Amino acid sequence: MNPAEAITTAHTVAERLRADAVERDHANQPPHAEIELLRDSGLLALDPDDHPTTHAVTRIVAATDPSIGHLLGYHYLHLWRATLYDNAELATSLRQEAATGRVFVAAVSNPRDTITATTTSDGLRVSGRGAFATGCAVADRLLVSAIRDDHTARLVVVMHGSCSGVSHPPDWDNLGQRLTASGSVAFDDVRVSQGDVLGTFPADEDESSPRHLRLSLVSLAFQAVLTQVLVGITAGAIDEAARYTRERSRPWPASGLGQAVDDPHVLTGYGEFTAVLAAARLLADQATHALTEADTRGPALTPAERGRTALTVSAAKVVSSRLATDATSRIFEFTGARATARATGLDRFWRDARTLTLHDPVAYKARELGDHLLTGRYPRMTAHS
């Protein structure tokens, strides 16, 4: 599927998801049917190295169903990052499986998780529990980050989502992003072979090494994907609200107008949102471009290049986060009191934005930008920056 076909397919999938998005959000069920829709569409098979296309597809889908856009964006991210690790043969195999369009990939990589990999005579045994394991409950393959039992290294292993010892406690009942299956995942003595180890990261690895610098792009890729989802949420909220205003909103009596679409207050509000959304889209795409450029540098990537990429991504994340929470709340000022009915479902955009913007505090992104402006320092490499 070429990029143009991917964009067209994404719009088709988005319309399918929009048809019953409110009902599915209220039902709050694991997204098995939605993942099957992605399989049938062929979107799971896109080239994960093509960040501009995969990020565009993510944003399009997120505009009608932010949860499914989130899952899709992470699927591409995990396939892309697999090739950054040591086991090229395993990464190639994983990509070949995904290229069939039938395999959905998720990961367990919360830096606060307590998952341990114990060395045995025949491989490894993985045990522990991961939190906020987005998509894992409906995934075909899992990338699992674990600490080696002697605490000398961190490992990333690949396993089947349905293998023995993996379970998913039904504990995801959050305010928003309800169909991301982002509950916890438990590992009870799960057996994996040494060949299932995708990468090994010594605890004392030099942060300035080419390998570490390249791997540090993963945290920036997460931020870039989340930025695209937030822009998608905002676009979807404005689109749905505008549709409601055109078709159902009544003018306020004091306005003296015959229809809501003629109210200057309403027109100005939507106009401001349209302008700021256009800016957020450009920043999000700029972040995607910066990530692509850093990725193509390979082992030649320098700390300064990595730092500039981080600043570009952080700027996009700050703007998209602020806009998403503001726009998804204020749309009710332009739709009216009747739009707050549960059946209308406009609240789901705010709930999704509010939940997703708490993934990591955006204030720390703003601090990175301010620190660079005043001191010239680049953001410190962390799991979120």
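A residue counts as buried when its relative accessible area is under 20%. I begin with that cut-off because Arg178, with a relative accessible area of 17%, falls under it and is therefore buried. Please keep in mind throughout that this is a predicted model.

Let me stay with Arg178 for a moment. Arg178 forms a salt bridge with Asp173, and the closest N and O atoms of the two are 3.7 Å apart. The partner has another environment: Asp173 is exposed, at a relative accessible area of 57%. As general background, side chains of opposite charge can pair when their charged atoms come close.

How many salt bridges does the model contain? The count comes to 29. I shall discuss two further pairs and one network.

The first of these pairs is Arg39 with Asp140, a salt bridge whose closest N and O atoms lie 2.7 Å apart. Arg39 belongs to helix α3, residues 32-41, while Asp140 sits in the loop between β3 (123-130) and β4 (141-148), so the bridge ties together parts that are 101 residues apart in sequence. Arg39 itself is buried, its relative accessible area being 13%.

The next pair is Glu97 and Arg141, again a salt bridge, with 2.7 Å between the closest N and O atoms. Here too distant parts of the chain are linked: Glu97 is in helix α6, residues 88-99, and Arg141 is in strand β4, 44 residues apart. Are these two residues buried, exposed or partly exposed? Glu97 is partly exposed, with a relative accessible area of 26%, whereas Arg141 is buried, at 12%.

As for the network, salt bridges link Glu15, Arg18, Asp239, Glu240 and Arg243.

I now turn to helix packing. Two packed helices are described by the angle between their axes and the distance between the axes.

Consider α4 (51-64) and α5 (66-82). Their axes come within 6 Å and cross at roughly 160°. Since an angle over 145 degrees counts as roughly antiparallel, α4 is therefore roughly antiparallel to α5. Which residues make the contact? From α4 they are His51, Thr54, Val57, Thr58, Val61, Ala62 and Thr64, and these meet Pro66, Ile68, Gly69, Leu72, Gly73, Tyr76 and Trp80 of α5. By class, that contact divides into eight nonpolar and six polar residues, with no charged ones.

The second helix pair is α10, residues 303-330, with α12. What angle do these two helices make? They pack at about 135°, with their axes 9 Å apart. That angle makes α10 oblique to α12, and the crossing is left-handed. On the α10 side, Leu311, Ser314, Ala315, Lys317, Val318, Ser321 and Arg322 take part; on the α12 side, Val362, Lys365, Ala366, Glu368, Leu369 and His372 do. This contact has six nonpolar, three polar and four charged residues.

In general, an α-helix has 3.6 residues a turn, so residues three or four places apart point the same way. That spacing may be kept in mind when viewing the contact lists.

Helix α11, residues 347-356, deserves separate mention. Why may α11 be called largely enclosed by the rest of the structure? Seven of its ten residues are buried, so the description applies. The buried residues are Arg348, Phe349, Arg351, Asp352, Ala353, Thr355 and Leu356. They pack against α2 (21-27), α4, α5, α8 (217-247) and α10. The helices α4, α5 and α10, which I described earlier, are thus among the partners of α11.

Next, some backbone details. Most residues other than glycine have a negative phi. Phe132 is not a glycine, yet has a positive phi of about 50°. Phe132 is found in the loop between β3 and β4, and is exposed, with a relative accessible area of 55%. Asp189, also a residue other than glycine, has a positive phi near 55°. Where is Asp189 found? Asp189 is in strand β7, residues 185-192, and counts as partly exposed at 38% relative accessibility.

Finally, I come to Arg380, in the segment after α12 (362-375). Is Arg380 buried or exposed? Arg380 is exposed, its relative accessible area being 64%. The C-alpha atoms of Arg380 and Ala310 are separated by 9.2 Å, although the two residues are 70 residues apart along the chain.

How values were computed:
Residues are numbered from 1 along each chain as its sequence is written. This is a predicted model: local features need pLDDT of at least 70, side-chain atom pairs count only at pLDDT 80 or more; totals for chains, interfaces and linings use all residues. Side-chain values use heavy atoms; hydrogens and water are left out. Helices (H or I, at least four residues) and strands (E, at least two) are DSSP runs, numbered from the N terminus. Buried means under 20% relative accessible area, exposed over 50%, partly exposed in between (1.4 Å probe, protein chains only). A salt bridge is a side-chain nitrogen of Lys or Arg within 4 Å of a carboxyl oxygen of Asp or Glu. Axes are lines fitted to C-alpha atoms, for helices over the stretch in contact, and angles run from 0 to 180 degrees between N-to-C directions. Angles under 35 degrees count as roughly parallel, over 145 as roughly antiparallel, 65 to 115 as roughly perpendicular and the rest as oblique. A crossing is left-handed if the near helix is turned anticlockwise from the far one by less than a right angle, and right-handed if clockwise. Contact means heavy atoms within 4.5 Å. Ala, Val, Leu, Ile, Met, Phe, Trp, Tyr, Cys and Pro count as nonpolar, Asp, Glu, Lys and Arg as charged, and the others, Gly among them, as polar.
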